[in-house]
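Got a minute for a quick tour of this fold? Have the sequence and the structure open side by side, and we'll go through it topic by topic.

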Amino acid sequence: MNPSFGIASFRSRTQVLRMEDALRRAGLSAGVISTPREVAIGCGLSVRFELADTQQVMAVYRRLNPSALIGFYRVDDYGTRSIRLTPLKIG
C-alpha cells in the first residue's frame, strides 16, 4: 500500500514553484509531482505535502494568495490503477 499525502494543484507552473518554495522556506516537506490525471485540468504539476502539515500548508497558501489554485486533495494509492483523490477543505 502506498502512503497517503496531500497535493495542491494549480493552473500555473509558476504558482506551483512559488508554493513549493514557500512551503520549504516555512520548514515543511514539499515537492513537485505530476498532477494525477483524475484532477484533469491544470498545468500538469502539483505540490506534494504531508497530510500532517495540512493546516500549516493552508496558512502558507493564505499568505501567498495565488490566483491559479485548482484545489487541495488527499491522494491515496498513488501509482496504482485505483488512485483515490479526496478534496481537502480550504479553511
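Before we start, contact here means heavy atoms within 4.5 Å. By that yardstick, helix α1 lies across β1, β2, β3 and β4. Keep in mind that this is a predicted model, with an average pLDDT of 91 for the protein.

**How far to trust it**
- A pLDDT of at least 70 is reached by 97% of the residues.
- Helix α1 (residues 13-25) gets the highest confidence, at 97, while strand β5 (residues 84-87) gets the lowest, at a mean of 92.
- As a general caution, predicted coordinates should not be read in detail where pLDDT is low.

**The sheet**
- Five strands make an open sheet in the order β2-β3-β1-β4-β5, and the pairing is antiparallel.
- The edges belong to β2 (30-34) and β5, each with a single partner strand, so one side of each has no neighbour in the sheet.
- On average, neighbouring strands of this sheet are turned by 35° against each other, direction ignored.
- Strands β1 (residues 5-10) and β3 (residues 45-49) run antiparallel and are joined by four bridges.
- If you want a spot to zoom in on, S9 has S46 in β3 as its bridge partner.

**Helices on the sheet**
- Helix α1 runs at about 155° to β2.
- Helix α2 (residues 54-64) also packs on the sheet, where it touches β3 and β4.
- The direction of α2 makes about 170° with that of β4.

**Helix against helix**
- The axes of α1 and α2 are 10 Å apart, and the two helices pack at an angle of about 125°, which makes α1 oblique to α2.
- The crossing of α1 past α2 is right-handed.
- From α1, the residues R18, M19, A22 and L23 meet V57, V60, Y61 and L64 of α2.
- Sorted by class, that contact has seven nonpolar residues, one charged residue and no polar ones.

Terms used: Residues numbered from 1 in each chain as written. Predicted model: local features only at pLDDT ≥ 70, side-chain atom pairs only at ≥ 80, totals over all residues. Heavy atoms only, no water. pLDDT = per-residue confidence, 0-100. Pairing = 2+ DSSP bridges. Axes fitted to C-alpha atoms, helices over the stretch in contact; angles between N-to-C directions. Parallel < 35°, antiparallel > 145°, perpendicular 65-115°, else oblique. Left-handed = near helix turned anticlockwise from the far one by under 90°. Nonpolar A, V, L, I, M, F, W, Y, C, P; charged D, E, K, R; others polar.
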